[in-house]
Amino acid sequence: MASNQTPLNQAKLDLPNNDLEQQATTLEIETKDFDYSKRSQWLRAAVLGANDGLVSTASLMMGVGAVKQDIKAMILSGFAGLVAGACSMAIGEFVSVYSQLDIEVAQRKRDKERRGREQEDAEENENLPNPLQAAAASALAFSVGAMVPLLAASFVREYKVRLGVVVAAVSFALVVFGWLGAVLGKAPVLRSSLRVLLGGLVAMAITFGLTKLLGSSGL
């Protein structure tokens, strides 16, 4: 009888351990998913900033290239677009994140007053947004995207070849950025890449066409 009871007792003792292991595994999976989602937020923001720099700078260069075949004019316009866009992104992100910081600090202060107890400063500031970091990241991401058409056009003297190289380089970068955005957002890769590619090409085509039309009308 004793030999028959031992396996049953062991089975009863094993059940809580299995439950604990399953709970630990579930918590580990949830933690990994949470960490990934938080990490993907700023990664996607960086990809979007780079895509913005790529499309806006390339469109500006194509617009100037529609009326001026000089490589210097095209490069200078692209460089001006890079600097202006990076500054605009940095300032806009700084103001936006600083406003968010003020709101969160005020909310935490109200929460402390309502609870009637103080918390450690380091613990409070740990998860607060950083305006300077956000501004620097936005400016850097925009500049990375804007460098693609600038570098593509810098070494090609022939006008038509230069335009073709810029379009090809920008198209490749658009596909890459679309793929990265889809992977980080767990979205369909092909559909996202095509959407980003078509959007960028349409922006460049509209800028080129309208500038060409205005230039040919003598304005």
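Trainee: Is G199 buried, partly exposed or exposed in this predicted model?

Mentor: G199 is found in helix 6, which covers residues 189-216. Its relative accessible area is 41%. Buried requires under 20% and exposed over 50%. Because 41% falls in between, G199 is partly exposed.

Trainee: How far apart are the C-alpha atoms of G199 and V55?

Mentor: Along the chain, G199 and V55 are 144 residues apart. In space, the separation of their C-alpha atoms is 8.8 Å.

Trainee: Does T57 count as buried or exposed?

Mentor: T57 has its place in helix 1, residues 2-67. The relative accessible area of T57 is 1%, and the limit for buried is under 20%. T57 is therefore buried.

Trainee: Which residue offers the backbone oxygen that the side chain of T57 reaches?

Mentor: Beyond four places in sequence, T57 touches G78, G81, L82, F142, A146 and P149. The backbone oxygen in question lies 2.8 Å from the T57 side chain, and it belongs to G53.

Trainee: Is V170 buried or exposed, and which residues does it touch beyond four places in sequence?

Mentor: V170 is found in helix 5, residues 159-185. At 1% relative accessibility, V170 counts as buried. The C-alpha atoms of V170 and A58 are 7.3 Å apart, although 112 residues separate the two in sequence. Not counting residues up to four places away, V170 touches L54, A58, V148, P149 and M204.

Trainee: Which residues are in contact with E93, leaving aside its neighbours within four places in sequence?

Mentor: E93 is found in helix 2, residues 71-115, and at 31% relative accessibility it counts as partly exposed. The C-alpha atoms of E93 and A136 are separated by 8.8 Å, with these positions 43 residues apart along the chain. The contacts of E93 are with A134, A135 and S138.

Trainee: What is the distance between the end C-alpha atoms of helix 4, and what span should its residues give?

Mentor: Helix 4 runs over residues 131-154 and has 24 residues. At 1.5 Å a residue, the helix should span 34 Å. The end C-alpha atoms agree with this, as they are 34 Å apart.

Trainee: Where in helix 4 does the kink lie, and which residue caps the N-terminal end?

Mentor: The kink is about 30° and comes shortly before the proline P149; it lies at M147. At the N-terminal end of helix 4, a side-chain oxygen lies 3.2 Å from the backbone nitrogen of L132, and the capping residue is N130.

Trainee: What percentage of contacts between residues at least 6 apart join residues at least 24 apart?

Mentor: The protein chain has six helices and zero strands. Of its 219 residues, 31% count as buried. Among the contacts between residues at least 6 apart in sequence, the share joining residues at least 24 apart is 74%.

Trainee: In which helix is confidence lowest, and in which is it highest?

Mentor: The average pLDDT of the protein chain is 79, and 74% of the residues score at least 70. Confidence is lowest in helix 3, residues 121-125, at a mean of 52, and highest, at 91, in helix 6.

Trainee: How many contacts beyond near neighbours in sequence does the stretch of residues 8-16 have?

Mentor: Where pLDDT is low, the predicted coordinates should not be read in detail. Over residues 26-38, pLDDT stays under 50, and the model has three contacts beyond four places in sequence. Over residues 8-16 the pLDDT is below 50, and the number of contacts beyond near neighbours is zero.

Terms used:
Residues numbered from 1 in each chain as written. Predicted model: local features only at pLDDT ≥ 70, side-chain atom pairs only at ≥ 80, totals over all residues. Heavy atoms only, no water. Helix = DSSP H or I, 4+ residues; strand = E, 2+ residues; numbered from the N terminus. Buried < 20%, exposed > 50% of the residue type's maximum accessible area, 1.4 Å probe, protein only. Contact = heavy atoms within 4.5 Å. Expected span 1.5 Å × (residues − 1). Bend = angle between axes of the 7 residues up to and from the residue. Polar contact = N/O pair within 3.5 Å; in protein donor to acceptor, adjacent residues only side chain to side chain. pLDDT = per-residue confidence, 0-100.
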